[in-house]
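Biologist: Hi! Could you walk me through this one? I'd like to start with the aromatic rings.

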Amino acid sequence: MKSILTCQGITKSYGSGDIIENVLKQVDLEFFEGQASVLIGPSGSGKTTLLSILGCLLAPSEGQLLIADQSVNFFDKSSLTEVRRQKLGFIFQHAQLLPFLTIEENLAIVGRNAGMNDADIKQRLDNLLQRLELQAMRYKHPNQLSGGQRQRVAIARALLHRPSIVLADEPTAALDWLTGKTVVELLLEQARLEKAVLVVVTHDTRMLPLFDRILSIADGLLSEQQQTAIADNTFYTQT
Amino acid sequence: MIPFLINTMASVVIAVSTKMLSHNRMRFVMTVTGIAIAFFLAAAQIGLLVGWINTNSAIINNAGVDIWVMAKETRTLDYGTAIPRHRIQQVSSVKGVAWAEGMLVGWINWQHPEGKHITVEVIGLDNANAGGPWRMAEGNIASIRLPETVIVDELSKQALGTLHVGDEAEMEGRRVIIGGFSQGVRTFTAAPFVFTSIENALDYVPYYHYDEISYVLVRAVPNANILDIRDRIAQEVSDVEVLTTDEFAERSVKYWMLETGVGITVIITAALGLLVGAVIMSQTLFAITQDHIANYATLLALGFHQKTLRQIVLTQSLSLGGLGIIVGLVLFFLACNASARSPIPLETTPMVTMGLVAFSLLCCIASSWFSIRAIFKLDPVSVFHG
C-alpha cells in the first residue's frame, strides 16, 4: 500500500526550563492510502495535539511530518496553508459550517479555494450530496439541519476537493449513538471510496470495530491496539 | 450550476463577506445605523464649523467687490474703525480702480418693543449698496435711502420685535422704520445686522463724525490684476490697510476662529465630533469581526489564506462603512437643508464633503487593520476545541 502520511519522532512540549510538559513523546507512525485509523485516549493525553500536528495546524517541537514523502515545513505558514488547502480535509466536533452560507455554498467555497474549476466543483458537489443523501438540503442553511445532517455536510466538505488525508476530531461527540454510528459509517465508506487516509479522534469505544487501526495514546506515548482488546475494554491501559 | 457568487476567488471574498454581514439582519441594520449616526455626528460638527466660517465672512464674500480699504490693524469686518470719507475719492483716482464706495460699521443699541435693549451691528451702505444684503425676503433694498429707514434680516424679526414692513422701533433713542427684510444674512456675534444708508447710519452711530466711514470697497476694472491694484492703493493712499476680498475674508475667519474662545470651542467640538465618530465606526466594525472570529478560524483551518481573510475583512469594512456613510450623508444633507434658514446653519462644500467621506473610509480601513491583526493572531488549532 502507498504511504501517504508519516510521523518521524514527533515530540511536542509546552513550557521551558524546568517546567516542560511533554504532550507527545517520539511518535512514529505511518498511514497508508485508504486506511482508516481511530485515535483514542483519555482527556489530555495528546490526541488533539497529534491531530493538530497531522493537520499542519500546530508545529511539533521535534521530529518531522511527511505527506506523500514530502517533509512539511512548519516554519512557512503559507506552505502550511497550501498543504491544508490541497491535501487535507477536516471534520470538526460541531461541524463548524459557516452559518451564513447555504450548504451548497459551504461546499463550493472549499472547492474554489482548492483551485477546482466550475465543472469539477459542480460534479463533486452533485456527487457528494447524492452519496450523503443531502440533495434536499442543498439550498438550506446549517441552522435548518439536524446535528447528524450537519456532520454529513461536514463530511462532504472534507472530501469535496479530493484530499489525500481526512482528519476528524470527535465527529460524533455532539450526536446520539445511532446518529453518530451512521455518521462514522458514512465517513468510513466515503473515505475508503476516495482512498483517503482517515484519522478519527473519538472517546466512544463502541465505534472502534469499524476502523482498520486503533491507535491509543496515553501520557504522550502512542501505541497500536489489536481489535481483540475491544472485548477487554483495556484501550487506555495497554501499551 | 454552481452558485454564481462563487465563480472566482474574488467572488468568494465578496460572497463570504456580504453574507456574513447580512446573515444577521438586525445586527447589520444596527451596524449600518451606528456608522451612519457616527458619520452624521462628525459631519454635523464639521458642517457647523463650515456654516460658522461662511457666516462670519458672508458680507465680505457677497459684497461683489475686489478690494477692501480699511484702518490699519482692522482684525475683522465687525470691528472696523473710522477712516476719513475722502479716502473714497483718493482710492477712486488710483489706476485700475473702476469704482469705489464707502461702508460704515458700528455697534449701537436697539430698543425692543417690550423694553429690553439689544446690541445691533449697523451697516451703513453707499450708493451701490455694496456689502448690503444679497437676497431680500420682503421690501426693497432701495428703501434704506429714505430717512430713518432700515432693513433687518428675517432671522432677526423675533429678536428685534419687528414683524412687518413699516413697523417702527427705536435705535439709540431715535425712531427707525422697517423698510424690508433680507434673507440669509446671519450673524454669529449675537448682534443682528441692521442695514441702512451711510447717511442714516451717521445719524445713529454716535462715535462717527459726519465725514467718517469704516471701509472703502473697490471694484477693479475688468481683467485687471487685483494684487497690482491692491499694492498701488497701498502705496498711494496713506494710513490705510488694503486687502483683497479673499484676504479680508480669511483674516476675519482667522480672527473669529483662532483668536476668540468661541472659535476655538467650535474647532475643538468639530475635532471631537470627528474623533467620536471615528471611534464609534472603528468599534462597530471591529465588533463584527470579533463576532465571527470562530468562522475565520474555521476558514483558516480549511486552508484559506490569510490574504483571503484580509480581503474579506476589508470588503466588510468598506461595504459597511460605505453604506453607513451614504445613509449618514443623506441625513447630513437633509439636516443642511432643514437648517438653511436657521440662525445656526449646517453647511458644507464639495471639498469638505469629499474630505469627510475620505476620512470616514480611512477610519473603516484603520478599523479593519485592528480586525486583521486579530485574525493574524488567530490560532486555527482553536477550531479543534469547538
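Modeller: Sure. This is a predicted model, and the count over all chains comes to 12 aromatic pairs.

Biologist: What's the geometry between B:Tyr79 and B:Tyr255?

Modeller: That pair is edge-to-face, with 80 degrees between the planes and 5.9 Å centre to centre. The two rings link distant parts of the chain, 176 residues apart. B:Tyr79 is in the loop between strand E1 (67-70) and strand E2 (83-84) of chain B, while B:Tyr255 belongs to helix H8 (residues 245-258) of chain B.

Biologist: Is B:Tyr255 buried or exposed?

Modeller: B:Tyr255 counts as buried, at 11% relative accessibility. B:Tyr79 is partly exposed, at 38%.

Biologist: Which residues are in the ring cluster?

Modeller: Ring pairs join B:Tyr79, B:Trp107, B:Tyr255 and B:Trp256 into a cluster.

Biologist: And how are the planes of B:Trp369 and B:Phe370 set?

Modeller: Their planes are at 70 degrees, so that pair is edge-to-face, and the ring centres are 5.3 Å apart. B:Trp369 is partly exposed at 46% relative accessibility, and B:Phe370 is partly exposed at 44%.

Biologist: What lies over the face of A:Trp177?

Modeller: That's A:Arg206, at 4.2 Å from the ring centre. In chain B, B:Lys157 lies over the face of B:Phe181, at 4.5 Å from the ring centre.

Biologist: Changing topic: how many disulfides are there over all chains?

Modeller: Zero, from a search of the whole structure. Take A:Cys7: the nearest cysteine sulfur belongs to A:Cys56 and is 10 Å away. A:Cys7 is also buried, with a relative accessible area of 2%.

Biologist: Why is there no bond between B:Cys364 and B:Cys363?

Modeller: Because their sulfurs are 6.8 Å apart, which is too far for a bond. The cut-off for a disulfide is 2.5 Å between the sulfur atoms. B:Cys364 is buried too, at 0% relative accessibility.

Biologist: Now the membrane bits. Which residues of chain B does UniProt list as "transmembrane region"?

Modeller: The unreviewed UniProt entry lists residues 28-53, 255-280, 317-340 and 352-372 of chain B. In the model, residues 28-53 of chain B are 100% helix and 0% strand, with the end C-alpha atoms 37 Å apart. Residues 352-372 of chain B are also 100% helix and 0% strand, and their end C-alpha atoms lie 30 Å apart.

Biologist: What's the mean pLDDT of chain A?

Modeller: The mean is 87, and 95% of the residues of chain A reach 70 or more. Over residues 234-239 of chain A, though, the pLDDT is below 50. Beyond near neighbours in sequence, that stretch has 21 contacts in the model.

Biologist: Last topic, the backbone. What sign does phi have at A:Ala68?

Modeller: Positive, about 50 degrees, although A:Ala68 is not a glycine. Most residues other than glycine have a negative phi.

Biologist: Where is A:Ala68?

Modeller: In the loop between strand E4 (62-67) and strand E5 (70-71) of chain A. A:Ala68 is partly exposed, with a relative accessible area of 39%.

Biologist: And what about phi at B:Asp239?

Modeller: B:Asp239 has a positive phi of about 55 degrees, and it isn't a glycine either. B:Asp239 is in the loop between helix H7 (226-236) and strand E12 (241-244) of chain B. At 57% relative accessibility, B:Asp239 counts as exposed.

Definitions and conventions:
Residues numbered from 1 in each chain as written. Chains lettered and ligands numbered in written order. Predicted model: local features only at pLDDT ≥ 70, side-chain atom pairs only at ≥ 80, totals over all residues. Heavy atoms only, no water. Buried < 20%, exposed > 50% of the residue type's maximum accessible area, 1.4 Å probe, protein only. UniProt positions renumbered as here; feature names shortened; annotations may be inferred. Helix = DSSP H or I, 4+ residues; strand = E, 2+ residues; numbered from the N terminus. Phe/Tyr/Trp six-rings, centres within 6.5 Å; stacked < 30°, edge-to-face > 60°. Lys NZ or Arg CZ within 6 Å of the ring centre and 35° of its normal. pLDDT = per-residue confidence, 0-100. Contact = heavy atoms within 4.5 Å.
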